Amino acid sequence: MFYTFILFLVFTGCKNYEDTEGISLNSYFLDNQEAVNFIARDMPVSMLKVNDSQFTEAEKEVFASVKHLNFLGFKVDGSNTEAYKVELAKVKRILKGKSYSKLMEFSDKGHKIIVKYKGHFNKTDELVVLGSEKQTGFGIVRVLGSDMNLVKLGSLAKTLQETDIDENQFEDIIAFFEGTFRI
């Protein structure tokens, strides 16, 4: 259920781009992919088990523009609250870089979601979704693609909500956060 929610937000990326201090999101992912309190997954979209039989031809074209998903999550366990604050601040500082444009930002029941993109609204190669909650942790989804149209990705999100997505492929991520997300 949690990952279906994240996929919905993702469809409503990254090269080695840098923020104003020279820290790239790509470097942040690489530096933390095996660190304590983190979980990382890198998945080509071609490996996703999504039943696209209900997609229109236009939705299939949009889905094909998405090439790769990267996920990095940090779990709060009570003893690492300060580390959580430090790591979340690092990510937010990277996303405040001038190369990122804000698509949306909202809060719901203690969950904060930030969605940013790089490039042009109609032809972006990267979309980033950051979700956080102070008692749970945070997760970053990077969507890499080729000339992705954000409006069309938003339309695809509605279809994905009704699509059969095999959540077993995200079992390790769900287990990592098990019992902590209340979505």
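Which strands does helix H2 (residues 25-32) lie across? The answer is S1, strand S2 (66-75), S3, S5 and S6, and the helix runs at about 130 degrees to S6. Keep in mind that this is a predicted model, so a word on confidence comes before the details.

**How far to trust it**

The mean pLDDT of the protein chain is 79, and 71% of its residues reach 70 or more. Confidence varies from element to element: helix H4 (residues 81-95) has the highest mean pLDDT, 96, while helix H1 (residues 2-10) has the lowest, 44. The start of the chain is the part to read with care, as pLDDT stays under 50 over residues 1-20. The model still has 75 contacts beyond four places in sequence for that stretch.

**The overall layout**

Six helices and six strands make up the element list of the protein chain. Going along the sequence, you meet them in the pattern α-α-β-α-β-α-β-β-β-β-α-α. Of the 183 residues, 48% are buried. The chain exposes about 9500 Å², and carbon and sulfur atoms supply 50% of that area.

**The sheet**

The six strands form an open sheet in the order S1-S2-S6-S5-S4-S3, and the pairing is antiparallel. At the edges sit strand S1 (38-44) and strand S3 (100-108), each of which pairs on one side only. On average, neighbouring strands of this sheet are turned by 10 degrees against each other, with direction ignored. As a reminder, strands of a sheet pair through backbone hydrogen bonds, either parallel or antiparallel.

Now for S6 and its two neighbours. Strand S5 (residues 123-133) runs antiparallel to strand S6 (residues 137-148), and nine bridges join them. A hairpin of three residues makes the connection from S5 to S6. Within this pairing, Leu127 stands opposite Val143 in S6, and Val128 has Arg142 in S6 as its bridge partner. S2 also pairs with S6 in the antiparallel sense, again over nine bridges. Over in S6, Gly137 is the bridge partner of Lys75. S6 is mostly covered, with ten of its twelve residues buried.

Helix H2 is not the end of the story on helix packing. Helix H3 (residues 57-65) lies across S2 and S6, running at about 60 degrees to S2.

Out on edge strand S3 there is a residue worth a quick look, Leu103. Is Leu103 buried or partly exposed? Leu103 counts as partly exposed, because its relative accessibility is 25%. The C-alpha atoms of Leu103 and Lys116 are separated by 5.1 Å, although the two residues are 13 apart along the chain.

**The aromatic rings**

A search of the whole structure turns up eight aromatic pairs. Such a pair of aromatic rings is described by the distance of the centres and the angle of the planes. Here are two of them:

| Pair | Centre to centre | Angle between planes | Geometry |
|---|---|---|---|
| Tyr28 and Phe38 | 6.3 Å | 75 degrees | edge-to-face |
| Tyr84 and Phe138 | 6.1 Å | 40 degrees | tilted |

Why does the Tyr28 and Phe38 pair count as edge-to-face? Their planes stand at 75 degrees, and the edge-to-face label applies because that angle is over 60. Tyr28 lies in helix H2 and Phe38 in strand S1, so this pair ties together parts that are ten residues apart in sequence. Both Tyr28 and Phe38 are buried.

For Tyr84 and Phe138, the angle of 40 degrees makes the pair tilted. Tyr84 belongs to helix H4 and Phe138 to strand S6, so the pair ties together parts that are 54 residues apart in sequence. Tyr84 is buried, with a relative accessible area of 6%. Phe138 counts as buried because its relative accessibility is 0%.

Which residues do the ring pairs link into a cluster? They are Tyr28, Phe38, Phe74, Tyr84 and Phe138. The cluster includes Tyr28 from helix H2 and Phe38 from strand S1, along with Tyr84 from helix H4 and Phe138 from strand S6.

Terms used. Residues numbered from 1 in each chain as written. Predicted model: local features only at pLDDT ≥ 70, side-chain atom pairs only at ≥ 80, totals over all residues. Heavy atoms only, no water. pLDDT = per-residue confidence, 0-100. Helix = DSSP H or I, 4+ residues; strand = E, 2+ residues; numbered from the N terminus. Contact = heavy atoms within 4.5 Å. Pairing = 2+ DSSP bridges. Axes fitted to C-alpha atoms, helices over the stretch in contact; angles between N-to-C directions. Buried < 20%, exposed > 50% of the residue type's maximum accessible area, 1.4 Å probe, protein only. Areas by Shrake-Rupley, 256 points an atom, 1.4 Å probe, with all protein chains shown as cover. Phe/Tyr/Trp six-rings, centres within 6.5 Å; stacked < 30°, edge-to-face > 60°.
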